[in-house]
Amino acid sequence: EGVHAPGKLTAPCGGEDPAHGLPPKPAGKEIMWQEGLKRSVRLRANVALMARQVHALRDAMGIARVLNRTLILPQFDCLCDRSEYPDIMPSCLYQGAPRRMQIPFKCSTSFVIDTHKLQLMATEPTRFGMQPHKFGGKFTAPLPVRAHRFLADPRTDAAITRSVLDVVVGAGA
């Protein structure tokens, strides 16, 4: 329980790690993130998944920078709902979530990255360490990014949708 099997539906609100060795958590009691990681198999898996996706996003941003392209942000996969509510642990799902919710699920970009900070970096780069006096009067302009649905939006100009560049990196590419 608490481990995702591809193509299978999750058990209802599973995920408590029976080997955590902690006393039972009283309902409504707030716990620190360290305890949440010990208690929840799914939360640990979600943190690992987020780390892999952020790593891939970093690589994609670097490639977009080198190729002077706008990056279309991917739609991220999640194993946990994002919440500050303590009773979400150890299941990682809101109480009102469908009992047979498919895991992983597509989640909001804001589950993975701070989208507001990303937007501010584009409009106010000096607030985020990109200060010209630190780099001999020069700094690289912020990388333009778009939402994952940008190319599917009917308002997007056809010339833009035709200018898509798929990049494959690695051996045999």
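**Figure 1. The buried side of helix 2 and the elements it packs against in this predicted model.** The buried residues of helix 2 make their packing against three other elements, namely helix 1 (33-39), strand 1 (71-72) and strand 2 (76-78). The residues of helix 2 that count as buried are V41, R42, L43, N46, L49, M50, Q53, L57 and A64, a list in which the reader will find R42, N46 and Q53 as well as V41 and L43. Helix 2 covers residues 41-67, and because each residue should add 1.5 Å, its 27 residues are expected to span 39 Å, which agrees with the 39 Å that separate its end C-alpha atoms. Just after the helix comes N68, a residue whose phi is positive, near 55 degrees.

**Figure 2. The whole chain, shown for orientation among the close-up views.** The protein holds four helices and four strands, and when they are read from the N terminus on, their order is α-α-β-β-β-α-β-α. Of its 173 residues, 27% count as buried, while the accessible surface comes to about 11,700 Å², with 58% of that surface belonging to carbon and sulfur atoms. Among the contacts whose separation is 6 or more, 66% are made by residues that stand 24 or more positions apart.

**Figure 3. The disulfide between C78 and C107.** By the distance rule used here, the count for this model comes to one disulfide, and it is formed by C78 and C107, whose sulfur atoms are 2.0 Å apart. The pair links distant parts of the chain, since C78 belongs to strand 2 and C107 to strand 3, with their positions 29 residues apart in sequence. The torsion about the S-S bond is about 55 degrees, and the disulfide is therefore right-handed. Both cysteines are buried, as C78 has a relative accessible area of 1% and C107 has one of 6%, and a residue counts as buried when this value is under 20%.

**Figure 4. The salt bridge between D77 and K106.** In this view D77 forms a salt bridge with K106, and the closest N and O atoms of the two side chains are 2.8 Å apart. Because D77 lies in strand 2 and K106 in strand 3 (residues 105-107), the pair ties together parts of the chain that are 29 residues apart in sequence. D77 is partly exposed, with a relative accessible area of 24%, and K106 is also partly exposed, with a relative accessible area of 48%.

**Figure 5. The salt bridges of D59 with R58 and of R155 with D153.** The structure holds three salt bridges, and these two views complete the set that includes D77 and K106. In the bridge between D59 and R58, the closest N and O atoms are 2.7 Å apart, and D59 counts as partly exposed at 33% relative accessibility. In the other bridge the side chains of R155 and D153 meet at 2.6 Å, N to O. R155 counts as exposed at 73% relative accessibility, whereas D153 is partly exposed, with a relative accessible area of 22%.

**Figure 6. A nonpolar surface patch, with I63 and its contacts.** The residues V66, L67, L165, V167 and V169 make a nonpolar patch on the surface, with an area of about 480 Å². V169 is found in the segment after helix 4 (158-161) and counts as exposed, at 64% relative accessibility. I63 lies in helix 2 and is partly exposed, with a relative accessible area of 29%. When neighbours within four places in sequence are left aside, I63 is in contact with V167 and V169, and although I63 and V169 are 106 residues apart in sequence, their C-alpha atoms are 9.4 Å apart in space.

**Figure 7. T109 and the residues it touches.** T109 has its place in the loop between strand 3 and helix 3 (115-123), where it counts as buried at 14% relative accessibility. Not counting residues up to four places away in sequence, T109 touches L73, P74, F76 and T115, and F76 belongs to strand 2, which covers residues 76-78.

Conventions
Residues numbered from 1 in each chain as written. Predicted model: local features only at pLDDT ≥ 70, side-chain atom pairs only at ≥ 80, totals over all residues. Heavy atoms only, no water. Helix = DSSP H or I, 4+ residues; strand = E, 2+ residues; numbered from the N terminus. Expected span 1.5 Å × (residues − 1). Buried < 20%, exposed > 50% of the residue type's maximum accessible area, 1.4 Å probe, protein only. Contact = heavy atoms within 4.5 Å. Salt bridge = Lys/Arg side-chain N within 4 Å of Asp/Glu carboxyl O. Disulfide = S-S within 2.5 Å. Patch = residues over 30% accessible without salt bridge, like charges linked within 9 Å, V, L, I, M, F, W, Y side chains within 5 Å. Areas by Shrake-Rupley, 256 points an atom, 1.4 Å probe, with all protein chains shown as cover.
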